[in-house]
Every structure is written in structure tokens, then in C-alpha cells.
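Okay, thanks for making time, everybody. I've got one structure to walk you through today, so let's put it up on the screen.

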Amino acid sequence: MTVTDTAHAVDPERGTLAKAADENFPVAPFFLPRAWRTDLMAVYGFARLVDDIGDGDLAPGGADARLLGVPEERADDRVLMLDAFEEDLRRVFAGSDGPPRHPLLRRLVPTVRRRALPPEPFLGLIAANRQDQLVARYETYDDLLAYCELSANPVGRLVLAVTGTSTPERIRRSDEICTALQIVEHLQDVAEDLGRDRIYLPAEDMKRFHVQETDLAAPSANASVRALIAYEAARARDLLNEGAPLVGSVHGRLRLLLAGFVAGGRAALNAIAAADHDVLPGPPKSGKVHLLREAGVVLRGEG
């Protein structure tokens with residue numbers, strides 16, 4: 001058991017929030033106003049926990065199950081846990097059945113009230129994780145985009161809502177960025193996802209590039225797999241470029257945060273390209289210098 005697991009077993013709220021330091025992108029960086037940081041961390045706590053439930057990554061001990069009223073012996077039943085989590089989420093918005101049971105959802109209550117957040121983005125994230133229990137393969141790129149609409153786009157919409165900057169155009173650009181970042185994460189995690197019996201590479205594209213599922217289980221990628229990864233990476237880069245004008249539409253510290261998201265995606269794609277699109281040994285990583293350079297490019301509006 002790791003230190004984080006131990007902390008989570010004792011204090012699920014603290015253990016989950018501690019994972020923010022390991023994310024690919026800054027969750028609530030120091031340069032944001034304190035009120036924004038508080039609310040963004042509340043949103044992160046929800047999103048991280050629902051993903052951990054969906055992935056079966058809850059810390060041992062059953063604390064989360066007990067908090068949600070699920071018998072400890074059924075803590076591994078992901079669908080049951082997601083149902084219980086959704087029921088607890090509804091207490092955040094209804095309030096008629098008392099306060100939420102889980103501390104991460106109790107933390108969310110003042111944020112929802114302060115920012116007048118709707119339930120739909122939160123329900124979308126739960127629906128995405130419920131879909132992960134039922135759907136392990138995606139036939140078309142459009143099918144994958146529909147999944148990203150649930151699994152990724154709500155996060156960007158919540159960031160805009162928390163910062164009071166939502167407009168239809170910004171939401172559209174944010175959706176493009178979030179979908180791109182989700183696809184990048186899928187490309188980085190091909191081997192890990194396969195270990196969970198999930199493949200987020202569209203089956204029609206695998207067929208086009210003559211890639212079999214067994215090819216994805218190899219220690220390193222063959223030429224066909226590399227060509228497929230390059231193709232999907234180009235799609236993600238196009239989406240990032242389409243969404244990038246969002247950064248120039250806002251000002252101040254929020255502009256820095258959004259530039260970091262776009263730059264993080266571009267840096268990750270550059271790292272994949274530098275690895276000759278061989279993602280099977282593990283996620284190619286980009287250094288901080290590369291990330292800062294990309295952020296500068298985004299802020300200057302040069303790409």
C-alpha cells in the first residue's frame with residue numbers, strides 16, 4: 001500500500017485531492033485567485049473520485065463504499081458504486097434528503113451554490129464512467145467523440161462556469177480542447193487501457209491501418225500501430241488548434257490556465273511524435289521546459 005493509499009484509507013477526501021499533484025495538467029495552480037482555486041479543487045475532487053470508482057482505483061479499506069451506503073463486500077461493484085455516488089450527488093442539488101454523505105460532495109455544495117452550477121456536467125461524468133463498464137470498444141470516430149462529450153467536455157464547461165466566463169462560443173472551443181486532451185490521454189494510455197480490456201482507438205481506423213488487438217499487446221509498436229497513432233494524434237492536434245482561440249478570448253490569470261491546458265496537450269503530442277509514435281512501452285513524457293515553450297507560443301497566439 002502506498003502512502004497515498006494509506007491516507008485515502010484513513011481520509012478519503014484528503015487522499016483523493018492529493019492526486020491532483022499527479023495529473024497531466026494543473027488543477028488549481030497557485031496563480032489563480034483563492035476563491036477559484038477552492039471551487040476548482042471541489043470540482044476536481046468530484047471528477048477524480050468518479051473516475052476512480054469507474055476504473056476500480058479506490059483505495060483499499062472500503063471507506064468510500066461505507067460513506068455512500070454501499071455494503072463493504074460490494075465495494076468492487078462499480079455500477080452499484082456509481083449509482084450510489086449519483087444518488088449522493090443529487091443531494092448536492094436537491095437538499096431535500098439531507099446533506100451529501102461523502103465529504104467530497106459536501107465540499108462541492110458551497111461551490112455549486114456560489115457559482116450556480118447545473119447538475120448536467122456532473123451527471124455527464126458519471127454517465128461516462130457507467131459507459132466504461134458497458135462499452136469497451138468504439139466502432140467509429142464519431143462514437144468516440146460522443147464518449148468524450150460525456151467524459152471530457154463537462155470539465156471544461158465547469159471551469160468556464162466557475163470562472164464566470166461561459167459563452168456559447170467559448171463552450172464550443174472548450175469542448176474541442178477537452179476532447180483533444182481526452183484523445184491524447186487515450187493515445188498515451190493504449191497499453192494501460194488494454195490491460196483494463198478497453199480500446200479507445202476506433203475499430204474502423206484500426207481496420208484501415210491493418211492493426212489487430214494483439215498488436216496493441218506487444219512490447220513495442222509495429223509500423224501499422226505507429227501509423228494509426230500518428231493519424232489519431234493529427235486529429236487531436238487539429239482539435240487543439242480549433243479550440244486554441246479560447247485562450248485569446250479571456251484575460252488575466254484564466255488565460256494562463258487555459259494556455260497551460262492547450263500547451264500540455266501539444267507538448268504531449270510532441271512527445272508522442274518524438275517517440276516515433278510508439279506508445280506501447282508507456283506514455284511518452286515531455287519536460288517542463290518544452291511545456292513552458294509551448295505555453296509561450298499559445299499565449300502569443302502564434303499557433
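I'll go from the overall fold to the core, then to one helix pair and two odd backbone spots.

Keep in mind that this is a predicted model. The protein has 17 helices and 0 strands. Its radius of gyration is 19 Å, close to the 19 Å that the globule rule gives for 303 residues, so the protein is as compact as a globular protein of that length. If you like box dimensions, the C-alpha trace spans about 55 × 45 × 35 Å along its principal axes. Buried residues make up 50% of the 303. And if you take the contacts with a separation of 6 or more, 68% of them join residues 24 or more positions apart.

Okay, the inside. The largest nonpolar core has 83 residues, and the ones touching the most other members are Phe 46, Phe 85, Leu 108, Leu 201 and Leu 216. Which helix gives the most to this core? That's α3, residues 34-55, with 11 residues.

Let's zoom in on Leu 201. Leaving out residues up to four places away in sequence, Leu 201 touches Tyr 138, Leu 187, Val 190, Met 206, Leu 216, Leu 228, Ile 229 and Glu 232. Leu 216, from that list of core residues a moment ago, is one of those partners.

Now the helix pair. Helix α5, residues 78-94, packs against α7, residues 120-134, at an angle of about 175°, and their axes are 10 Å apart. That angle makes α5 roughly antiparallel to α7. Sorted by class, the contact has 8 nonpolar, 2 polar and 5 charged residues. On the α5 side you'll find, among them, Leu 82, Phe 85, Leu 89 and Phe 93, and they meet a set in α7 including Phe 122, Leu 123 and Ile 126. Charged residues turn up too, for example Arg 78 and Glu 86 in α5 and Arg 130 in α7. Phe 85 is also one of the core residues I named earlier.

Last stop, two backbone oddities. Ala 116 isn't a glycine, yet it has a positive phi of about 50°. Ala 116 sits in the loop between α6 and α7. Is Ala 116 buried or exposed? It counts as exposed, because its relative accessibility is 63% and the cut-off is over 50%.

The other one is His 277, also not a glycine, with a positive phi of about 60°. His 277 lies in the loop between α16 and α17. This residue is buried, with a relative accessible area of 18%.

That's my tour, thanks.

Key: Residues numbered from 1 in each chain as written. Predicted model: local features only at pLDDT ≥ 70, side-chain atom pairs only at ≥ 80, totals over all residues. Heavy atoms only, no water. Core = buried A, V, L, I, M, F, W, Y, C linked by side-chain atoms within 4.5 Å. Buried < 20%, exposed > 50% of the residue type's maximum accessible area, 1.4 Å probe, protein only. Helix = DSSP H or I, 4+ residues; strand = E, 2+ residues; numbered from the N terminus. Contact = heavy atoms within 4.5 Å. Axes fitted to C-alpha atoms, helices over the stretch in contact; angles between N-to-C directions. Parallel < 35°, antiparallel > 145°, perpendicular 65-115°, else oblique. Rg over C-alpha atoms; globule rule 2.2 N^0.38 Å.
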